[in-house]
Amino acid sequence: MATLMTSTGAGANSIEQQLEALQDFQVIAHRGASGHAPEHTLPAWQMAYDMGADYLELDIQMTADGRLVVLHDETVDRTTNAEGPLQDYTLAELQSLDAGSWFNDANPDRAQSAFEGARVVTLDEVIDRFGTQTRYYIETKSAERDPTLEAELMDTLSDRGLIEAGAVVIQSFSQDSLLKVKSINPDVPLVQLVWYYPESEDSDTLIEWTGVTPGPSAITDADFEAIRDYAVGIGTNLDYQGDAVIDETFVKQAQANDLRVHVYTINDIPAMEQLLGWGVDGMFTDYPDRLIRLTR
Ligand code: G3P
Ligand code: CA
């Protein structure tokens, strides 16, 4: 069975090894191998693990009773058999839902009976399954809504020894959230997520969702340096509705400012090949198997 890139040793040495590994190309399994199995479920992560992804990507949110669960959307509508805001559900209520059958209905060609009844899982359950020798790329998803999210997350990671093991990258669109994480533990590698899109319909001018940088055509070394002050990398979209928002110049400029560039969410082989040609440092993909075939 293929294994994820592992950390050896403990403490500073392991984090150094992690930072060194981040200089190489990283295959980041977006919500697990979510092209093959229901996203954010144990079958999806197990597939990504077995394929040999470098990182398991997961989005963290908080339940009504303050537990950290792994789910992307603010509501349970799309990926379970229920409806309503996730924050209205207790953990027990969430875990009574079926988070797998929707995938079979939506993807009959990839359906498996094993996916039926797949459960929403906690961060602890993911760590229990894959341990401290696996690397996790964790997004603080509901940071604005849950002001204690970062403290809870860092408590969990610290209790499990994951940060010292060099096993975690924390990513967020929220700069505030990343700075909160850094104030709790300055050693954990951070990635600033950005999303570029046109400022209005029919406009060619791109802006960034939270304003953390200007649009790519206006971005300067100083903008990248400001991110480098707290983060090791930038995670960016490649396109907006099929039109590219970044180019090779953006990638090279970020890298010249000592930022790794990880691009989401790349599922098509031609796009993977284009980005590899630009020299990006990693990609988030629902199909880690495709990207691994191209890069190893
Ligand atoms: O975390 C990178 C990428 O996953 C961001 O987009 O919406 O899939 O969380 P999203
Ligand atoms: Ca994410």
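Which residues lie nearest the centre of the largest pocket? The legends below take up this point and others in a predicted model.

**Figure 1. The largest pocket and its lining.** F173, W195, N237, Y264 and T265 lie nearest the pocket centre. They belong to a lining of 22 residues. The pocket volume is about 440 Å³. Sorted by class, the lining holds nine nonpolar residues, six polar ones and seven charged ones. Rolling a probe the size of a water molecule over the atoms shows where empty space is left.

**Figure 2. The site of the calcium ion (ligand 2).** Three residues, E57, D59 and E139, coordinate the ion. E57 and E139 bind through OE, D59 through OD. The distances run from 2.2 to 2.4 Å. There are six donor atoms, and the angles among them span 56 to 159 degrees. The geometry is irregular.

**Figure 3. Where the calcium donors sit in the chain.** The donors of the calcium ion (ligand 2) are spaced as E-x1-D-x79-E. E57 lies in strand β2 (residues 55–62), and E139 in strand β4 (residues 136–140). These two residues are 82 residues apart, so the pair links distant parts of the chain. Are E57 and E139 buried or exposed? Both are buried.

**Figure 4. R31, a residue with positive phi.** R31 is not a glycine, yet its phi is about 60 degrees. The residue sits in the loop between β1 (26–29) and α2 (42–51). Its relative accessibility is 13%, and the cut-off for buried is under 20%, so R31 counts as buried.

**Figure 5. Q241, another positive phi outside glycine.** Phi of Q241 is near 50 degrees. Q241 lies in the loop between β10 (239–240) and β11 (243–244). How much of Q241 is accessible, as a relative area? The value is 70%. Exposed means over 50%, so Q241 is exposed.

**Figure 6. The protein as the setting for the close-ups.** The secondary structure comprises eleven helices and 13 strands. The radius of gyration is 18 Å, close to the 19 Å that the globule rule gives for 296 residues, so the protein is as compact as a globular protein of that length. Along the principal axes, the C-alpha atoms fill a box of roughly 50 × 45 × 40 Å. Of the 296 residues, 55% are buried.

Key
Residues are numbered from 1 along each chain as its sequence is written. Chains are lettered from A and ligands numbered from 1 in the order in which they are written. This is a predicted model: local features need pLDDT of at least 70, side-chain atom pairs count only at pLDDT 80 or more; totals for chains, interfaces and linings use all residues. Side-chain values use heavy atoms; hydrogens and water are left out. Donors are N, O and S atoms within 2.8 Å of the metal (3.2 Å for Na, K and Ca); water is not among the atoms, so sites may look incomplete. Four donors count as tetrahedral if all angles lie between 85 and 135 degrees; four count as square planar and six as octahedral if opposite donors are over 155 degrees apart and all others between 65 and 115; anything else is irregular. Helices (H or I, at least four residues) and strands (E, at least two) are DSSP runs, numbered from the N terminus. Buried means under 20% relative accessible area, exposed over 50%, partly exposed in between (1.4 Å probe, protein chains only). On a 1 Å grid over the protein atoms alone, a cavity is a set of points where a 1.4 Å probe fits but cannot get out, and a pocket is an open set with protein on both sides within 12 Å along at least five of seven lines; lining residues have an atom within 4 Å of a point. Grid points are joined across faces, edges and corners, and a volume is the space filled by probe spheres set on the points. Ala, Val, Leu, Ile, Met, Phe, Trp, Tyr, Cys and Pro count as nonpolar, Asp, Glu, Lys and Arg as charged, and the others, Gly among them, as polar. The radius of gyration is taken over C-alpha atoms; the globule rule is 2.2 Å times the number of residues to the power 0.38.
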